[in-house]
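Reader: I would like a close look at a single part of this model. Please take the aromatic residues and what surrounds them.

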Amino acid sequence: MKKYLWAAAGVVAAVVIAAPSAVGAPTETSTAETSTAVTSAAEAAPADVTPARAVVPAPNPVRTVRPGERVDAGKGYTVWLTREGKHWTGPDGYENFRSVVDGNIDRSEPGVSHQSEGDATGVFHSGLYYGTRHAGRVELTDPEGRTTVATLVALPGRPDWGVWYAHTGPSEGNHGGSHGVALYDRAGKLLADLPGFDFPAGRG
């Protein structure tokens, strides 16, 4: 009988000794599982994404005007367009006209014309550009290499021609004709150019 009591006591002691290990084990496993869960959650969280910027179209370099609409070109000059061509007046009030339908220009390929008038106070330059629906800019260059970017106007409906105008400094007897003129498309490609000449005012 004593043998059985001692055996039972030994079993109870074994259970008591083993209990701390049994209790501690789940705690360590639980910590590891929690760490894994946190890591998994972090990996699953979406990374910060920078939103793509909306592409803003470049502004149209050509101002659209109605037929007959008067445009103040500055310094006493006025420009307007009709289906027949370019009209303008200067400080003297005299009306000038350049046709786009009389056959004097070839609209089947890009080109540019140049008229100028002025005096010791400054020169007004203007002309036609034609043969393209993608005009980007018209640029004047004087004999010293200085450039002036012109203003472009056209009628509605994406016509293949329009008008440009600009002002430069005082002339030296040639009324600004020594300026070269160049027509570029919207990508900056040269479409046509016109060298400067010593021609009288209002011609070109």
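Reader: Start with Tyr165: does this residue count as buried or exposed, and at what relative accessibility?

Author: The model is predicted. Tyr165 counts as buried, because its relative accessibility is 9% and the cut-off for buried is under 20%.

Now the rings. Two aromatic pairs are counted. One of them joins Tyr77 and Phe124. Their ring centres are 4.1 Å apart, and their planes meet at 15°. Stacked pairs have planes under 30 degrees apart, so Tyr77 and Phe124 are stacked. This pair links distant parts of the chain. Tyr77 lies in strand β3 and Phe124 in strand β8, 47 residues apart. Both Tyr77 and Phe124 are buried.

Phe124 also pairs with Tyr165. Here the centres are 6.3 Å apart and the planes are at 35°. That pair is tilted. It, too, links distant parts of the chain: Phe124 sits in strand β8, Tyr165 in strand β12, and 41 residues separate them. Together, ring pairs link Tyr77, Phe124 and Tyr165 into a cluster.

Phe124 takes part in both pairs. Its relative accessible area is 1%, so Phe124 is buried. Leaving out residues up to four places away in sequence, Phe124 touches Ala73, Tyr77, Val79, Trp88, Gln115, Ser116, Glu117, Tyr165, Ala166 and His167.

Next, the core. The largest nonpolar core has 17 residues. Phe124 and Tyr165 are among those with the most contacts inside it. So are Val79, Leu81, Leu128, Trp161 and Val163. Four elements give two or more residues to this core: β2 (71-74), β3 (77-82), β8 (122-130) and β12 (161-168). A second, separate core has 13 residues. Among them are Ala135, Val138, Ala150 and Ala166. Ala166 is also one of the residues that Phe124 touches.

Val79 deserves its own look. This residue lies in strand β3. Val79 is buried, because its relative accessible area is 0%. Beyond four places in sequence, Val79 touches Glu69, Arg70, Val71, Ala73, His87, Trp88, Phe124, Val163 and Tyr165. That list includes Phe124 and Tyr165, two members of the ring cluster. Phe97 is 18 residues from Val79 along the chain, and their C-alpha atoms are separated by 9.9 Å.

Two tryptophans come next, each with a charge over its ring. The charged end of Arg70 sits over the ring of Trp80, 3.8 Å from the ring centre. The charged end of Lys86 sits over the ring of Trp88, 3.7 Å from the ring centre. Arg70 and Trp88 both appear among the residues that Val79 touches. Trp88 is also touched by Phe124.

Last, a sheet. Four strands form an open sheet in the order β10-β9-β13-β14, with antiparallel pairing. Its edge strands are β10 (147-149) and β14 (190-194), and each pairs on one side only. The twist averages 20° from one strand to the next. Strand β9 (residues 135-141) is joined to β10 by three bridges, and the two run antiparallel. Leu140 has Thr148 in β10 as its bridge partner. Ala135 and Val138, from the second core, fall within the residue range of β9.

To return to the start: Tyr165 is buried at 9% relative accessibility, is tilted against Phe124, and belongs to the cluster that also holds Tyr77.

Conventions
Residues numbered from 1 in each chain as written. Predicted model: local features only at pLDDT ≥ 70, side-chain atom pairs only at ≥ 80, totals over all residues. Heavy atoms only, no water. Core = buried A, V, L, I, M, F, W, Y, C linked by side-chain atoms within 4.5 Å. Buried < 20%, exposed > 50% of the residue type's maximum accessible area, 1.4 Å probe, protein only. Contact = heavy atoms within 4.5 Å. Pairing = 2+ DSSP bridges. Axes fitted to C-alpha atoms, helices over the stretch in contact; angles between N-to-C directions. Phe/Tyr/Trp six-rings, centres within 6.5 Å; stacked < 30°, edge-to-face > 60°. Lys NZ or Arg CZ within 6 Å of the ring centre and 35° of its normal.
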